[in-house]
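Me: Take me through the empty space inside this one, please, cavities first. I'd like the cut-offs spelled out as you go.

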Amino acid sequence: MEKNRVFDLDAGFLDDELLAAQMRLLVGLVSTDRGRSAGDRLPANWLGHEDALTLRLNQLMGEMTLRGHAVPGQVAVTGEAIIWPPLDAASLAAEIRYITARAEAGQRGRIRMPRNDHELWATYKYSLLARNRQAYESFGRRVAARSAPLETLWLALVNASRVAPPEGGIRNALQHMWGYVSDQSSMSPQMDDLDALAADVQQLALQHEVSYLLNSTALGELRAWL
């Protein structure tokens, strides 16, 4: 796998070594100084998508924080729509094979690599719920009917997780996730501070080793949108 590759898979799939390498790469690519440009160093497919690259950096740092690693502060992202580079199916498949091989060699991320469509859906379902409930229900039915090939499902779910989730969608997903740790939480799922609610779910999922949440992309990636 090329050294300057920016991974498309959720940061939760990356092992600690790969996660740190990706963060170093993106810190070098993302300009935090508005007077400078990283355009001459960007991979060709990311040119014109600097805001998406910044959000990706924030997601990587959020995952590292979740794992207890110290990181720089998050980088400000534009208030405009985030436009991502096109997702290439062959490139994504190569990335999945690479990370799967690392996991099989003992270099595992927070999220296990899904072995089938049901595990993949369980991994991404709350990320999808945060973005579009109708799509969430539709994908759930397709997975239950075994009508979505695994490669197609991977591509669809990674693409869907790039869409900016509305605040109401994030709240809905977090409230569902909070249900797994409600017995240990002192917070109300109706609280206004969504970042505090997300932090509470993260902390309790780690503390009580709630496997379903620890293997969820939403546990890490949603806070980057808040």
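The reply below starts with the enclosed spaces and then moves to a helix pair and a pocket.

Reply: Sure. First, a caveat: this is a predicted model, so local features need pLDDT of at least 70 and side-chain atom pairs count only at pLDDT 80 or more, while totals for chains, interfaces and linings use all residues. Residues are numbered from 1 along each chain as its sequence is written, and side-chain values use heavy atoms, with hydrogens and water left out.

Searching the whole structure turns up two cavities of 30 Å³ or more. A cavity here is a set of points, on a 1 Å grid over the protein atoms alone, where a 1.4 Å probe fits but cannot get out; lining residues have an atom within 4 Å of a point. Points are joined across faces, edges and corners, and a volume is the space filled by probe spheres set on them.

The largest cavity comes to about 140 Å³. Its lining has 14 residues, with Asp8, Arg56, Gln59, Ser161 and Arg162 closest to the centre. Sorted by class, that's seven nonpolar, two polar and five charged (nonpolar is Ala, Val, Leu, Ile, Met, Phe, Trp, Tyr, Cys and Pro; charged is Asp, Glu, Lys and Arg; polar is the others, Gly among them).

The second largest cavity holds about 30 Å³. Around it sit Leu174, Met177, Ala198, Val201, Gln202, Ala218, Leu219, Leu222 and Arg223. Helix 7 (167-178), helix 8 (194-207) and helix 10 (218-221) each give at least two lining residues, and helix 8 has the largest share, three. (Helices are DSSP runs of H or I, at least four residues, numbered from the N terminus.) The split here is seven nonpolar, one polar and one charged.

Back to Arg56, one of the residues closest to the centre of the largest cavity. Arg56 is also among the helix 2 residues in contact with helix 1, whose side includes Leu19, Met23 and Leu26; contact means heavy atoms within 4.5 Å. The axes of helix 1 (residues 16-29) and helix 2 (residues 50-66) come within 10 Å and cross at roughly 145°, with axes fitted to C-alpha atoms over the stretch in contact and angles running from 0 to 180 degrees between N-to-C directions. Eleven nonpolar, one polar and two charged residues make that contact.

As for open space, the second largest pocket has about 280 Å³; a pocket is an open set with protein on both sides within 12 Å along at least five of seven lines. Ala93, Ile96, Leu150, Glu151 and Trp154 lie nearest its centre, and helix 3 brings the largest share of the lining, six residues.
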